[in-house]
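Let's take a walk through this protein together. Have a look at the sequence and the fold, and then we'll go through them piece by piece.

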Amino acid sequence: IEDGERIKDVTVENVLFTYDSFQIAPVEIAKIEKVAAYMKENARVRLVAEGNCDERGSREYNMSLGEQRALAVRAHLIGLGIEADRIQTKSYGKEKPLEQGHNEAAWSKNRRVEFALYR
């Protein structure tokens with residue numbers, strides 16, 4: 001997927017997670033539904049669900065948790081009718097924080113799945 005052209009003119013919101021969890025909160029579902037609707041309207045679009053964590057926990061633990069988060073979002077997209085071969089997953093663990101702070105305000109933004117869209 002990543003050898004395609006990255007779509008930068010479409011804004012999608014990150015799916016956020018609670019501490020130590022890969023369960024998708026009900027309040028986050030609408031974000032995934034918007035991505036699914038966009039993909040249904042644009043049949044050639046593919047995506048990489050990129051799982052991320054906050055800085056707490058070991059590198060290995062966070063790589064695993066990031067992958068579980070990405071897989072949970074992927075499974076939800078498939079459940080909404082998006083073909084599995086259009087969705088890849090990748091975990092960055094705690095390696096790509098959005099916020100550099102060492103508090104809940106920063107950590108809550110770093111516990112996320114980002115969508116990288118490609119055509």
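## A right-handed unit

Start with strand 2, helix 2 (residues 59-79) and strand 3, which together make a right-handed β-α-β unit. Keep in mind that you're looking at a predicted model.

The two strands of this unit, strand 2 (residues 46-52) and strand 3 (residues 87-93), pair in the parallel sense, and six bridges link them. Want one to look for? Glu50 has Lys90 as its bridge partner in strand 3.

## The whole chain

Zooming out, the protein chain has three helices and four strands. Follow the sequence from start to end and you'll read the pattern β-α-β-α-β-α-β.

How big is all this? The C-alpha trace spans about 40 × 30 × 25 Å along its principal axes. A compact globule of 119 residues would have a radius of gyration near 14 Å, and the protein chain has 14 Å, so the two agree.

## Building the sheet

In what order do the four strands sit in the sheet? They form an open sheet in the order 1-4-2-3, and the pairing is mixed. At the edges you'll find strand 1 (15-16) and strand 3, each pairing on one side only.

Helix 2 packs on this sheet and touches strand 1, strand 2, strand 3 and strand 4. The direction of helix 2 makes about 155° with that of strand 3.

Now for the antiparallel part: strand 2 and strand 4 run antiparallel, joined by seven bridges. Glu50 turns up here too, with Glu114 as its bridge partner in strand 4. So Glu50 has a partner in strand 3, Lys90, and another in strand 4, Glu114. As a general rule, side chains in a regular strand alternate between the two faces of the sheet.

## Inside the fold

Which residues touch the most other members of the largest nonpolar core? Those are Val15, Leu47, Val73, Leu77 and Phe115, out of 19 residues in that core. Helix 1 (29-41), strand 2, helix 2 and strand 4 (112-118) are the elements that give two or more residues to this core. Helix 1 supplies the largest share, with five residues.

Across the protein chain, 39% of the 119 residues count as buried. And how do distant parts of the sequence meet? Taking the contacts with a separation of 6 or more, 76% are between residues 24 or more positions apart.

Notes
Residues are numbered from 1 along each chain as its sequence is written. This is a predicted model: local features need pLDDT of at least 70, side-chain atom pairs count only at pLDDT 80 or more; totals for chains, interfaces and linings use all residues. Side-chain values use heavy atoms; hydrogens and water are left out. Two strands pair if DSSP finds at least two bridges between them. A crossover is right-handed if, with the strands pointing away from the viewer, the path from the first strand over the helix to the second runs clockwise. A nonpolar core is a set of buried Ala, Val, Leu, Ile, Met, Phe, Trp, Tyr and Cys residues joined through side-chain atoms within 4.5 Å. Buried means under 20% relative accessible area, exposed over 50%, partly exposed in between (1.4 Å probe, protein chains only). Contact means heavy atoms within 4.5 Å. Axes are lines fitted to C-alpha atoms, for helices over the stretch in contact, and angles run from 0 to 180 degrees between N-to-C directions. The radius of gyration is taken over C-alpha atoms; the globule rule is 2.2 Å times the number of residues to the power 0.38.
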